[in-house]
Each structure stands twice: as structure tokens, then as C-alpha cells.
Amino acid sequence: MRLRKRLTERLAVCPCVTASMDDIHFEHTISVGQVVNIRAKVNRAFNTSMEVGIRVSCEDLFSDRHWKVCHAYATFVTQRTNTGERVFLKPIVPHTQKEKLEYSLAAERRRVRMVHDDIIKDLLSHACIQQANSSAADSAVAAVKTRVESVELVLPPHANHQVNTFGGQIMAWMVNVAMIAASRLCQAHPTLRTIDMFTFRGPSQVGDRLLLKAIVNNAFKNSMEVGVRAEAYQEEGSNRHINSAFMIFEVLDKHGKPCMLPRIRPEPLEGERRFQEAIARKKIRLDRKYIISHKQCEFPLSVPWDPRNQVYLSYNNVSALKMLAARNKWRISSEKDKVRLYTLEHKSILSFRVESEVDVPAYRAFSLLAELSNRPSWDKHYQKCELIHRVDDDDFLYRVVTPSVHQGAVGSPTVSKGEGILQDFILLASKRKPCGSRDPYVIALRSVTLPTHPPTEGFNRGEILCAGFTILETQSNMSLISYYNQASPEVLPYISTDIAGLSSSFYHTFCNCSQYLSKNKMHSTPEEETRQHTATNMDSPICDSEDASLSVALDNSQK
């Protein structure tokens with residue numbers, strides 16, 4: 001925590017406080033006598049907040065082994081001046097390819113943080129949660145038996161030069177009481193696996209007493225969730241809620257495998273609420289783990305779409321395209337009239353990129369290409385594109401119909417399963433405007449499954465791994481448009497002859513796209529131009545709203 005704080009204040013040149021931490025998953029444990037290496041770096045500065053990436057690794061000096069322990073992201077905000085004015089941060093300029101990728105993905109992680117609490121509320125309100133097993137209530141351990149309370153006095157070594165308690169110190173105390181609560185349930189020594197995303201509601205200072213409360217909220221088959229609440233108080237005045245965190249523990253056997261845990265019997269009312277919310281948080285953790293770590297070599301490639309996993313699917317959709325675009329081993333396969341075709345082979349997956357510069361403003365090109373329903377007018381591979389569902393202003397579900405082909409002799413595409421058999425895709429389209437002047441516009445596509453649109457007779461259901469456009473403003477209202485696609489078996493035949501140099505259909509398709517954009521570039525509305533002017537001269541409204549909410553929360557807690 002001290003390292004991160006020095007790092008953020010070096011950038012801000014003013015006092016900063018920890019606002020939140022993203023999920024922390026501990027892949028390995030650290031033993032006494034081993035060396036801990038911590039690396040921290042500011043990934044991106046927004047208006048008054050910044051994201052810091054932290055990587056923790058461990059080293060055994062006697063065996064010369066090194067291993068990763070965890071990787072996390074923290075958000076820091078600048079403190080207001082003595083006159084109450086907000087302190088704005090200088091923008092960060094990324095230089096390396098990795099820095100540029102983290103800079104771009106920071107905006108996506110920010111979106112996930114903003115809706116985290118809303119997703120839990122939505123899960124509970126839609127009654128998606130399992131009920132407690134009443135038949136096992138007799139053998140279950142009463143949650144009240146796991147309750148722990150502790151008081152810590154904040155002394156000068158626990159605080160920074162602003163006399164605010166280190167966030168890391170608060171978390172260390174919270175982990176201690178959570179460990180005791182978990183031990184009371186399992187009657188063994190538990191291992192901390194995960195700390196869920198949390199937000200600091202306000203600072204505590206030297207002289208405060210911190211009241212720490214912990215209780216096991218729910219016990220699953222091989223893991224348990226412990227909720228911890230931290231309150232600060234002094235001799236006079238009421239308690240101030242500083243932080244709440246939810247920690248996941250396991251008990252490992254001698255082979256390092258998770259043991260079965262006893263069931264928990266929640267207390268009435270508040271205990272039952274915590275019991276249900278723990279199930280909601282577990283579902284969110286599973287959604288994040290399944291969607292974000294979904295391997296592209298696994299089949300089926302599509303992930304079921306659900307309103308409650310939408311934010312993670314959208315994050316995965318956009319981040320996958322940004323990571324594909326950030327790879328640095330693209331090789332040019334062909335070029336014609338400044339339309340370039342690149343290929344990339346990575347882990348047995350072939351990807352291609354087609355790019356060219358067009359005489360259309362970036363914001364207008366983005367607006368036109370984001371209307372996927374218009375794509376059949378310029379792309380012969382899109383015979384039909386119908387909007388299934390408008391999720392929100394940035395995410396849409398489409399059904400796309402294309403000719404169905406497979407690879408024939410000498411790289412020539414042929415119709416699959418007979419003439420007239422078409423192929424369809426269910427796609428999630430996620431569009432993003434720049435969150436800063438160095439960001440491109442993004443339109444990301446990936447396959448999902450919908451129970452309302454199962455595979456139908458007469459169509460071969462295809463899947464898209466990762467595809468989409470990036471649009472970057474260049475100069476004099478010109479735009480560099482890049483189209484990316486990770487070639488799944490259903491997509492590869494459309495481009496294989498181009499890669500082999502046997503045709504130039506990519507060139508004709510991109511020319512049609514350029515003509516479509518040029519024809520419609522003057523049809524922008526005044527509202528669209530106003531939005532573009534706003535986006536160019538300031539960070540996105542999403543960035544502003546989160547900065548404001550964090551700042552207000554911290555200010556209110558200090559009153």
C-alpha cells in the first residue's frame with residue numbers, strides 16, 4: 001500500500017487516497033522466509049482518479065524458484081484542496097505496446113466497477129437465487145458461532161504522512177478477523193483464495209479505533225464466504241463505516257485439494273439477506289471466471305447471453321478485440337491501392353486484419369459502421385442482419401445470415417452441404433467511444449447463444465471468436481479503419497484465398513465499405529457533431545461520473 005501511494009502521488013503531485021480495489025485472486029500462498037516482490041504502475045489517469053496495476057510474485061531463495069501470487073487493480077483519487085477544489089490529473093502517455101493495451105483496457109475495467117453493485121441487486125430482485133436447504137438445517141453450523149469482533153487502535157506507524165490509515169493496514173486487520181471466523185466454521189486452518197471487489201467509503205486517521213466485525217455468510221461445497229465490516233470511531237461521535245469486504249476461504253488437505261465444508265445456518269433476517277447475497281456474488285464470480293477466461297480452442301465457443309452476465313460479456317468482447325489489435329507480430333500478406341491485409345498466427349489460431357485510411361471523420365465512420373443492420377448494403381458476405389435485442393446504448397444482439405462454405409480443393413471456397421444452405425450467427429455487438437484523445441472508436445463482435453434463437457433447420461450455426469473494427473482519427477478529418485477477425489472454421493474460407501494470394505475479395509469489400517462511408521459522411525446530425533465535439537475535448541461521461549461519485553463518497557465520509 002505504501003508503494004502504491006508513493007507511486008500515485010508521484011503522478012498527481014498532490015495527496016491521494018485509495019478508493020477501491022478490484023477482485024484479488026491468490027493463485028499461490030507465501031510462506032515465512034520467502035521473498036515477496038511487488039510491482040506497481042499507473043495504467044491510466046482519468047479526471048481525478050487513476051488505475052494502478054499491481055503484480056505480486058514470490059521467490060524462494062534456496063530453490064531459486066519464482067511464481068506469481070496475484071495481480072490486482074486499485075483505484076486512487078486525488079484529495080480536494082483546502083478550499084474544496086477538485087485536483088485534476090495530468091494525462092498519461094503510454095509508450096510500449098503493453099502500456100497502450102493496459103491504458104485502453106482500463107476504461108473497460110472502469111465500466112465493470114460502476115455496475116458491480118447493481119448486478120447483485122438485480123440478481124436478488126429477479127429471484128435467481130437458490131433457497132437454503134432446510135433439510136440440512138439440523139446438521140448445519142449456526143452462523144452466529146462464527147461471529148468475531150475486534151478493536152484496533154490506529155497508531156502513527158499505521159498511517160501515511162497525511163495521518164490517514166493505510167488501506168493495506170485496514171485490509172490486513174480485516175483478513176485477520178475473517179480468518180478467525182472461517183476457522184470457527186471449519187475447525188481447521190483456512191486458506192484465503194479471493195477478495196471480492198470493494199470500495200473504501202472513507203478514511204480513518206491516527207487516534208481512531210477500528211471496530212472489525214466478521215461472520216461466515218455462506219458455506220458452499222468447498223469454499224466459504226466471510227463478510228467483514230470495518231467501522232471507525234473516537235471517544236466522542238458515532239461510528240463511521242469505513243469499508244466492507246467479502247473474502248473466500250478454502251481448507252486444503254495434505255495433497256492441496258479443497259476439503260468438504262459443513263453447511264451454515266444463517267441468522268434470521270439480516271443473516272438470511274447475507275446468505276442470499278453470498279450466492280449472488282458466487283454466481284458473479286463464476287460468470288467472470290467462465291466468460292473472461294474462456295479458451296478459444298474450446299467448443300462451443302459461444303457463451304450463453306444473460307442480462308446478468310451482460311457486463312462481463314461486453315467487457316470480454318471489447319477487451320479481446322483490443323488485445324488482438326495490440327499484438328505486434330502482424331505480417332502483411334498483400335496490399336492493393338493502400339488497402340492492406342495482415343495475418344497473425346498465435347497458438348494455432350490464424351487472425352487477419354484489413355486496414356485502410358478513408359476520407360471520413362472518425363466519429364462519422366464509427367456511427368455508420370456501428371449500425372450493423374446496414375452492413376449487407378456493402379458487404380456481400382452479409383446477406384441479412386436483423387436486430388434481435390437492444391441491450392443498452394452500447395450493446396446489441398444481432399442475427400447475421402451469410403453463405404455457408406467450407407474449404408475445397410486448392411483453397412477454393414465451396415458451398416457446404418449443398419447449394420442454398422445458409423449459415424447464421426448470433427452476435428453480441430459492443431461499441432465504445434473514446435474515453436480519451438488517444439483511444440480509438442471500437443466496434444467489437446463475438447458469438448453468443450440465446451435460448452430464444454436456437455439453431456434452426458436449413459441453417460448451419462456458425463461462431464465468431466473475436467471480430468470488429470477500430471477507428472482512429474488521423475489528420476484533416478481522415479480515419480484509419482482496421483477490421484480484425486480471428487478466423488474460426490466458419491470464417492476462414494471467406495478469406496483463405498486472399499491470404500494465399502489467389503484473389504483480392506478483401507480489397508473489393510473494403511472498397512465497398514469506403515464508398516458507403518464516403519456516400520454517407522455528410523449526413524451526420526447536429527446532435528452527432530455536438531457529441532463528437534464533447535468527446536474530443538473531455539473524457540467520457542462515464543469517467544466523469546465515477547470520479548464524481550468517488551469524490552463525493554470520500555468527502556461525505558470526512559464530514
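Val17 stands opposite Val77 in strand S5, and this pair is a convenient place to enter the structure, which is a predicted model. Val17 and Val77 belong to the pairing of strand S1 (residues 16–21) with strand S5 (residues 65–78), which is antiparallel and extends over five bridges. The sheet to which these strands contribute is an open one of five strands, ordered S3-S4-S5-S1-S9 and paired in the antiparallel sense. At its edges stand S3 and strand S9 (198–199), and because each has a single partner strand, one side of each is left without a neighbour in the sheet. Strands of a sheet pair through backbone hydrogen bonds, either parallel or antiparallel.

Moving from S5 towards the S3 edge, one meets strand S4 (residues 49–60), in which 11 of the 12 residues are buried. S4 is joined to S3 by 10 bridges, with the two strands running antiparallel, and Ala45 has Met50 of S4 as its bridge partner. The connection between S3 and S4 is a hairpin that passes through three residues. On its other side S4 pairs with S5, again in the antiparallel sense, over 12 bridges, and within this pairing Cys58 stands opposite Trp67 of S5. S4 and S5 likewise form a hairpin, here with four residues between them, and Asp64 in that turn has a positive phi of about 60°.

Cys58 and Trp67 also lead to a residue outside the strands, Gln34, since both are among the residues that Gln34 touches, together with Thr29, Glu59 and Asp60, when residues up to four places away in sequence are not counted. Gln34 is placed in the loop between S2 and strand S3 (35–45). Although Gln34 and Cys58 are 24 residues apart in sequence, their C-alpha atoms lie 6.8 Å apart in space. Within the loop region, a polar atom of the Gln34 side chain lies 2.8 Å from the backbone nitrogen of Ser31.

A second sheet can be followed from strand S2. It is an open sheet of six strands in the order S2-S8-S12-S11-S10-S7, with antiparallel pairing, and its edge strands are S2 (24–25) and S7 (148–153), each of which pairs on one side only. S2 pairs with strand S8 (residues 191–195) over two bridges, in the antiparallel sense, and the partner of Ile24 in one of these bridges is Ile195 of S8.

Ile195 connects this sheet with the nonpolar interior. Leaving aside neighbours within four places in sequence, Ile195 is in contact with Asp22, Asp23, Ile24, Phe26, Met171, Val175, Phe246 and Met247. The largest nonpolar core has 59 residues, and Ile195 is one of those with the most contacts inside it, along with Met174, Met224, Val226 and Met247. Helix H3 (residues 167–186) supplies the largest share of this core, namely 11 residues. Apart from this core lies another, of 38 residues, which include Tyr382, Ile443, Leu445 and Ile481.

Two loop residues elsewhere deserve a look for their backbone angles. Leu269, in the loop between strand S13 (264–265) and helix H4 (270–292), has a phi near 60°, which is a positive value in a residue other than glycine. Leu269 is exposed, with a relative accessible area of 71%. Lys338 lies in the loop between strand S15 (331–336) and strand S16 (339–346), and its phi, near 65°, is also positive in a residue other than glycine. Lys338 counts as exposed, at 63% relative accessibility.

Taken as a whole, the protein has 10 helices and 26 strands, and 52% of its 559 residues count as buried. Among contacts between residues at least 6 apart in sequence, 68% join residues at least 24 apart. The protein exposes about 27400 Å², of which carbon and sulfur atoms supply 53%.

The confidence of the prediction should be kept in mind throughout. The mean pLDDT is 82, and 80% of the residues reach 70 or more. Over residues 407–418, however, pLDDT stays under 50, and the model has 26 contacts beyond four places in sequence for this stretch. Residues 533–542 also have a pLDDT below 50, with 11 contacts in the model beyond near neighbours in sequence. Where pLDDT is low, the predicted coordinates should not be read in detail.

Terms used. Residues numbered from 1 in each chain as written. Heavy atoms only, no water. Pairing = 2+ DSSP bridges. Core = buried A, V, L, I, M, F, W, Y, C linked by side-chain atoms within 4.5 Å. Buried < 20%, exposed > 50% of the residue type's maximum accessible area, 1.4 Å probe, protein only. Contact = heavy atoms within 4.5 Å. pLDDT = per-residue confidence, 0-100. Areas by Shrake-Rupley, 256 points an atom, 1.4 Å probe, with all protein chains shown as cover. Polar contact = N/O pair within 3.5 Å; in protein donor to acceptor, adjacent residues only side chain to side chain.
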